[in-house]
Amino acid sequence: MGNSESTTTSTSTSSAIKPTVGYHVLQVQPNGPAAGKLIPYWDFIVGTPGYSFDKEEKTLSEIFKQYLDKPITLVVYNLRSDHVREVTFTPNTTWSSGQYLVGISMQFKPFGSIFRTCLACFGRICR
């Protein structure tokens, strides 16, 4: 499958400033490079090591293009676990006939209202 090179490092946000905005991961294609590394609805891409996305970056897709066939590390905040982790995968076009690089749908937004919505919807399912 398209799951080449993956590392995940978990870091609690209790000792660091919690992110408040990011790219909300809405879908992850099962055979794409990000499959098994990002969790739809709960994960937010908040930056790269050493850089935080504090406003919408029109260049995120450009960043993926710069890392075509090279590993990229993203900083990801998981709303449910309240942890930040680093996720590494390799953008490529072989899994999608050249159309897509990482296989995720995302939208830039603040966490506040999403947190309440996710807990309301998924809280009922998890009980």
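In which loop does K37 lie? K37 sits in the loop between β2 and β3, and we will come back to that spot after a walk through the rest of the chain. Keep in mind along the way that this is a predicted model.

Let us begin with the overall layout. The protein chain has two helices and seven strands. If you follow the sequence from its start, these elements come in the pattern β-β-β-β-α-β-β-β-α. Of the 127 residues in the protein chain, 42% are buried.

A good place to step inside is strand β3, which covers residues 43–48. This strand is mostly covered, with six of its six residues buried. Strand β3 also has several partners. With β2 it pairs in the antiparallel sense over two bridges, and here H24 stands opposite F44 in β3. With strand β5, residues 72–78, β3 again pairs in the antiparallel sense, over four bridges. If you would like to find this pairing in the structure, look for I45, which stands opposite V76 in β5.

The next partner of β3 is β4. Two bridges join these antiparallel strands, and T48 has Y51 in β4 as its bridge partner. Together β3 and β4 make a hairpin with two residues between them. In the turn you will find G50, whose phi is positive, at about 90°. While you are looking at strands, one general point may help: side chains in a regular strand alternate between the two faces of the sheet.

Y51 brings us to the aromatic residues. Counting ring pairs whose centres lie within 6.5 Å, the total comes to four aromatic pairs. One of them is formed by Y23 and F53, an edge-to-face pair with 5.7 Å from centre to centre and 90° between the planes. Why does this pair tie together parts that are 30 residues apart in sequence? The reason is that Y23 lies in strand β2 (residues 21–28), while F53 lies in the loop between β4 (51–52) and α1 (60–66). Both Y23 and F53 are buried.

Y23 also forms an aromatic pair with F108. This pair is edge-to-face as well, with 5.1 Å from centre to centre and 65° between the planes. It links distant parts of the chain, since Y23 is in strand β2 and F108 is in strand β7 (residues 104–110), 85 residues apart. How buried are the two partners? Y23 has a relative accessibility of 4%, so it counts as buried. F108 has a relative accessible area of 19%, and because the limit for buried is under 20%, F108 is buried too. Taken together, Y23, Y51, F53 and F108 form one aromatic cluster.

Now for the empty space. Rolling a probe the size of a water molecule over the atoms shows where such space is left. In this model, the largest pocket has a volume of about 250 Å³. Its lining is made up of 15 residues, and Y100, L101, V102, G103 and I104 are the ones that lie nearest its centre. Among the contributors to the lining are α1 and β7, each of which supplies at least two residues. What kinds of residues line the largest pocket? There are eight nonpolar and seven polar residues, and no charged ones.

Finally, let us return to the loop between β2 and β3, where K37 lies. Is K37 buried or exposed? K37 has a relative accessible area of 5%, so it is buried. The side chain of K37 reaches the backbone oxygen of P33 at 3.3 Å.

Y41 lies in the loop between β2 and β3 as well. Its phi is positive, at about 75°, although Y41 is not a glycine. With a relative accessible area of 40%, Y41 is partly exposed. For another residue of this kind, move along to the loop between β5 and β6 (83–89), where D82 lies. D82 is a residue other than glycine with a positive phi, near 60°. D82 is partly exposed, with a relative accessible area of 26%.

Key: Residues numbered from 1 in each chain as written. Predicted model: local features only at pLDDT ≥ 70, side-chain atom pairs only at ≥ 80, totals over all residues. Heavy atoms only, no water. Phe/Tyr/Trp six-rings, centres within 6.5 Å; stacked < 30°, edge-to-face > 60°. Buried < 20%, exposed > 50% of the residue type's maximum accessible area, 1.4 Å probe, protein only. Pairing = 2+ DSSP bridges. 1 Å grid on protein atoms, 1.4 Å probe; cavity = no way out; pocket = protein on both sides within 12 Å on 5 of 7 lines; lining within 4 Å. Points joined across faces, edges and corners; volume = space filled by probe spheres on them. Nonpolar A, V, L, I, M, F, W, Y, C, P; charged D, E, K, R; others polar. Polar contact = N/O pair within 3.5 Å; in protein donor to acceptor, adjacent residues only side chain to side chain.
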